[in-house]
Amino acid sequence: MRYLILSDIHANYEAFKAVMNATRRKRWDKAICLGDIVGYAAEVNQTVDRLRAIKPLIVIRGNHDKVCAGVEGEERLAKFSRFARVAAEWTAQKLTQTNRRYLASLAKGPRMVDGAFAIAHGSPLDEDAYIFSDLDALRVFRATDFPICFIGHSHFPVVFTWDGTEVEMQMATPPEFKLKLDPNKRYLINPGSVGQPRDRCPLASFATYNSETRLLRIHRVRYNIATTQENILSAGLPQPLADRLSVGR
């Protein structure tokens with residue numbers, strides 16, 4: 001089975017559109033979204049509508065999805081950064097009733113997909129926790145038994161590999177990263193962010209994975225950053241949310 005792995009789209013419709021256009025040349029059988037469909041950028045309903053139109057599709061919720069849909073309230077919102085909080089409050093007002101219900105209905109990770117791998121938004125131990133380091137990954141490997149788990153949340157495209165003794169951390173460098181997964185090792189894989197990359201590369205990031213050949217690819221594609229920035233500013237959202245897209249931070 002060939003999978004398209006998306007994460008952290010964050011209402012950046014231009015980036016999402018560019019990714020989906022790029023995948024027309026990459027055959028896949030099923031799409032996976034690791035959450036945070038909304039938040040930060042301004043094309044909220046366009047993004048949710050286009051994601052929902054993908055078939056077949058498996059989606060789990062992210063922290064922004066929960067807050068914007070009202071699943072979690074002020075206590076969770078208070079933990080957001082100032083700019084993230086402003087964007088979440090704005091997004092909550094802009095969501096259509098249909099899309100709000102859709103986001104509220106999304107399942108919590110971790111979830112197994114076709115017996116091939118697990119998916120989670122943050123850590124499979126805590127959907128709101130970040131996995132940044134080899135130590136973070138080691139805690140997950142020791143507490144779980146997933147051979148492969150795709151994760152999002154940090155916006156960094158990275159692969160953590162566990163051989164039973166040590167954790168290896170590989171940043172997925174652009175324009176394309178390829179790795180054949182060893183059946184004797186375990187993996188935590190972040191495909192990076194479609195809509196708000198933070199690895200100092202502004203290109204939209206996503207992954208494809210072939211469960212038969214065990215070949216992982218993390219791809220980067222260009223998109224119209226200026227249009228997304230204009231839409232963010234026209235919506236009255238904070239300037240830094242637009243500025244950061246140019247530098248991938």
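**Exercise 1. Determine how strand 6 and strand 10 pair in this predicted model, and by how many bridges.**

Solution.
Step 1. Locate the strands: strand 6 covers residues 148-150, and strand 10 covers residues 186-190.
Step 2. Read the direction. The two strands run parallel, and three bridges join them.
Step 3. Name the partners. Isoleucine 148 has tyrosine 187 of strand 10 as its bridge partner. Cysteine 149 stands opposite leucine 188 in strand 10.

**Exercise 2. Find how strand 7 is joined to strand 10.**

Solution.
Step 1. Strand 7 spans residues 158-162.
Step 2. Here the direction is antiparallel, with five bridges between strand 7 and strand 10.
Step 3. Check one pair: valine 158 is bridged to asparagine 190 in strand 10.

**Exercise 3. Place these strands in their sheet: what is the strand order, and which strands stand at the edges?**

Solution.
Step 1. The sheet is open and has six strands, in the order 4-5-6-10-7-8. Strand 10 therefore sits between strand 6 and strand 7 in that order.
Step 2. The pairing is mixed.
Step 3. The edges are strand 4 (111-113) and strand 8 (167-171). Each has a single partner strand, so one side of each lacks a neighbour in the sheet.
Step 4. Add the twist. On average, neighbouring strands of this sheet are turned by 20° against each other, direction ignored.

**Exercise 4. Decide whether strand 10 is largely enclosed, and sort its side chains by direction.**

Solution.
Step 1. Apply the cut-off: buried means under 20% relative accessible area.
Step 2. Count. Five of the five residues of strand 10 are buried, so the strand is largely enclosed by the rest of the structure.
Step 3. Sort. Arg186, Leu188 and Asn190 point one way from strand 10. Tyr187 and Ile189 point the other way. All of these residues are buried.

**Exercise 5. Describe the sheet with the order 3-2-1-11-12-9, from its edges to one of its pairings.**

Solution.
Step 1. This sheet is open, with six strands and mixed pairing.
Step 2. Strand 3 (57-59) and strand 9 (176-180) stand at the edges. Each has a single partner strand, so one side of each is left without a neighbour in the sheet.
Step 3. Neighbouring strands of this sheet are turned by 20° against each other on average, direction ignored.
Step 4. Take strand 3 and strand 2 (residues 30-33). They pair in the parallel sense over three bridges.
Step 5. Name a pair: isoleucine 32 has isoleucine 58 of strand 3 as its bridge partner.

Technical notes: Residues numbered from 1 in each chain as written. Predicted model: local features only at pLDDT ≥ 70, side-chain atom pairs only at ≥ 80, totals over all residues. Heavy atoms only, no water. Pairing = 2+ DSSP bridges. Helix = DSSP H or I, 4+ residues; strand = E, 2+ residues; numbered from the N terminus. Axes fitted to C-alpha atoms, helices over the stretch in contact; angles between N-to-C directions. Buried < 20%, exposed > 50% of the residue type's maximum accessible area, 1.4 Å probe, protein only.
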